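Visitor: Could you take me through one part of this model in detail? I'd like a close look at the place where chain A and chain B meet.

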There are 4 protein chains.
Amino acid sequence: MGRPRDSRVDEAILAATRSLLAESGYAGLTVDAVAERARIGKAAIYRRYATKQEMVFAAAVHSVDLPPPPDTGSLLGDLTVLVQEIVDHVTTPVAAAAIPGLLADIRSSPELAARFRDAFVTVQQAGLAELLGRAVARGELPSSPDVDLVHALVAGPVFATVYLQNRSPDGLAERLGRIVAAALTGV
Amino acid sequence: MGRPRDSRVDEAILAATRSLLAESGYAGLTVDAVAERARIGKAAIYRRYATKQEMVFAAAVHSVDLPPPPDTGSLLGDLTVLVQEIVDHVTTPVAAAAIPGLLADIRSSPELAARFRDAFVTVQQAGLAELLGRAVARGELPSSPDVDLVHALVAGPVFATVYLQNRSPDGLAERLGRIVAAALTGV
Amino acid sequence: MGRPRDSRVDEAILAATRSLLAESGYAGLTVDAVAERARIGKAAIYRRYATKQEMVFAAAVHSVDLPPPPDTGSLLGDLTVLVQEIVDHVTTPVAAAAIPGLLADIRSSPELAARFRDAFVTVQQAGLAELLGRAVARGELPSSPDVDLVHALVAGPVFATVYLQNRSPDGLAERLGRIVAAALTGV
Amino acid sequence: MGRPRDSRVDEAILAATRSLLAESGYAGLTVDAVAERARIGKAAIYRRYATKQEMVFAAAVHSVDLPPPPDTGSLLGDLTVLVQEIVDHVTTPVAAAAIPGLLADIRSSPELAARFRDAFVTVQQAGLAELLGRAVARGELPSSPDVDLVHALVAGPVFATVYLQNRSPDGLAERLGRIVAAALTGV
DNA sequence: AACTAATCGAGACGGTACGTCCGGTCTTGCA
DNA sequence: TGCAAGACCGGACGTACCGTCTCGATTAGTT
């Protein structure tokens, strides 16, 4: 009962958070600044999110509903597309700013860590599982391998390139797709 | 001239930082707490490190002088040892707490980012380069591949498993060593 | 036209305000707490009172229609009764909590200040004027003195005892009645 | 040990508080505004005063070391001077703004209430006691009366005039001095 | 019986102040 | 000059409260 939440406020918060993430980065992001830019009160933010981290999570990882990777006809093609999707997502200014900060902060919040995994890792793994199932159906793979391992093999190098080496992931998708496909098919 | 720095102070700072990192994590670490536990003044810290990040960096990534991987006689063996070394380092409580935090904070400090890369990435890549050279000399590889890519392929999955999936990297070294070796030799 | 105000709501607001004043004091009183205790919405309060101060004013000073002091037959007796009435009112838990708070807040609201004076000071002065008139009629006083001054002389010491010295006003009425009567009759 | 408090900071806080009290009143006074005007951090304020009330108390009631009233040679004269001193203090812009607010807020803080009494009431009573002692020595009074009562009789009407009736206390000192002297000497 | 208009409880809203905390700097007196 | 202690500025945090507004549901009086 009572007055319902104003959905324009929800959107204003997320939009302000995203634009400030892109401008100031994760460390420079302030709840007061978000409230000011969104032209709302801080209470409206804390009514929705218990902490700054949850707000950033909602703004940056919200619905990473990356659509199921299209069937390209081959494991190699499917993997390349999936890696490229991860690369595209990770190089978004908002995600690029938010993800390292979130990865750091979730280590002191198991609850948020679980939600991050659900929204980020699990979604990627779902696409991956479908892709691998197709490869098995095609006869390219004898049986579907450990999804956790393959996911680490696919997402890990992207993260290492972008966040550890601090290099551009240009051309990474094809090279990584080829390598992972080769490793899986054992050829 | 004047009074020389007390090396016991250096050690007390690093020890206090490490123990607090393990206890409270990166986000819960405060410079005041380090000073109190080390029974020193804050000025003694800031005389040595310009920022909290540098202090953590010094305490957690200090001299990752992981020794050149021993020659096991095969690319597969060498890679497995290298991956295991990375796994061992990353699963240290101190490193596990510090690395995500540092990866987040260095995004607003190119200077520290460069030092982090030098101390962390470059060291790993040096070991990797030597290892690959040996494989070329043995005839296992026709020519030494792109070190950045191989490094991403080796370190990335470890990071993804530990920091993204939040899983234990037990048994990862053998599996990953085998996969990367296979991908490199094209078999 | 439209739905008429529910008088039970009026009473619930005032009762809740009084009980919370007695429990939490003026500073600890919140409009939300009043609404919750009265089991009404905040809008019902602000439909009646423009500010929290007006609500407290209505609840604590409402109709201090202290009845005209009974004619005891002498100036001394009449004054003693009047002082006792002021003491009784001021030591009410609700009034004791509300009056200092109102006296503080009305300094930034001339409108409420005027209403406070009308309801509180003027009422006391009316009783005082009648009392003094009777004394003149009796021949105890040659002419009626300045009511403001006599009021200050009568109400002031009560306030000083209760709010400045924070002491109990027990026995104050007789002593103060005697002193003021003596000062007025010049004996 | 450690760095000592900077007395210029103390003074800056008090000066800023006083000027803001005079400008904005008690209700409009903000700790942030004090910090900004004093060009100091809020921590420097809260290191000295636990609450806003204590800060205002220190700034407005600080050392009301009203000097012992000069001996005018008569009880009437001495009382008139004392009342005038109270009037002068109470009509100071700073005190006028602070005292009602403090009187309201101390009702929820027995600790501050005691300190207020010590610094404000007790000081006035000390002067009063000396004055009464002189009157006894002169033979104007048979014995020194109850100081609490006389204080209420002296300070109360001033407060009633200024804070209840909201009138100017011009000329109050002589009139009140005469009345209290008459009441005490019983003439 | 429908319509109108103001009420009601509930609770979200913008704004603003609170008191706490932390990072990085500065200032004591002592060694 | 280094050191422990601790005060300093600046600024963000999350909480609380005020007075306003918005919802859906009553509840009269008016057609």
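Guide: Chain A is built from nine helices and zero strands, so to speak an α-α-α-α-α-α-α-α-α run from the N terminus on. Keep in mind that this is a predicted model. Along the principal axes, the C-alpha atoms of chain A fill a box of roughly 60 × 40 × 30 Å.

Now for the contact itself. Chain A puts in 39 residues and chain B puts in 38 residues. Between them they bury about 3100 Å², and carbon and sulfur atoms give 67% of that. If you want to know where chain A's share comes from, look at A:Arg107, A:Leu164 and A:Gln165: together they supply 22% of the area that chain A buries against chain B, more than any other three residues.

There's a polar side to this as well. The count between chain A and chain B is nine residue pairs in polar contact, and four salt bridges turn up across the interface. One you can pick out is between the side chains of A:Arg167 and B:Asp148, at 3.3 Å from N to O.

As for which elements of chain A are involved, those giving two or more residues to the side that touches chain B are helix H6 (93-105), helix H7 (110-138), helix H8 (147-164) and helix H9 (172-185). The largest share, 14 residues, comes from H8(A). Sort the residues on that side of chain A by class and you get 23 nonpolar, nine polar and seven charged.

So let's zoom in on H8(A) and its partner in chain B, helix H8 (residues 147-164): the two pack at an angle of about 100°, with their axes 6 Å apart. That makes H8(A) roughly perpendicular to H8(B). On the chain A side the contact is made by A:Ala152, A:Leu153, A:Ala155, A:Gly156, A:Pro157, A:Phe159, A:Ala160, A:Thr161 and A:Leu164, and H8(B) brings B:Ala152, B:Leu153, B:Ala155, B:Gly156, B:Pro157, B:Phe159, B:Ala160, B:Thr161 and B:Leu164. By class, this helix pair has 14 nonpolar, four polar and no charged residues. You'll recognise A:Leu164 here, one of the three residues named above for the area that chain A buries against chain B.

And the other chains? Chain A does not touch chain C, with their nearest C-alpha atoms 10 Å apart. Chain A does not touch chain D either, and there the nearest C-alpha atoms are 16 Å apart.

Conventions: Residues are numbered from 1 along each chain as its sequence is written. Chains are lettered from A and ligands numbered from 1 in the order in which they are written. This is a predicted model: local features need pLDDT of at least 70, side-chain atom pairs count only at pLDDT 80 or more; totals for chains, interfaces and linings use all residues. Side-chain values use heavy atoms; hydrogens and water are left out. Contact means heavy atoms within 4.5 Å. Buried area is the accessible area (1.4 Å probe) that two parts lose on being put together, summed over both. A polar contact is a pair of N or O atoms within 3.5 Å; within protein, one must be able to donate a hydrogen and the other to accept it, and residues adjacent in sequence count only if both atoms are side-chain atoms. Helices (H or I, at least four residues) and strands (E, at least two) are DSSP runs, numbered from the N terminus. Ala, Val, Leu, Ile, Met, Phe, Trp, Tyr, Cys and Pro count as nonpolar, Asp, Glu, Lys and Arg as charged, and the others, Gly among them, as polar. Axes are lines fitted to C-alpha atoms, for helices over the stretch in contact, and angles run from 0 to 180 degrees between N-to-C directions. Angles under 35 degrees count as roughly parallel, over 145 as roughly antiparallel, 65 to 115 as roughly perpendicular and the rest as oblique.
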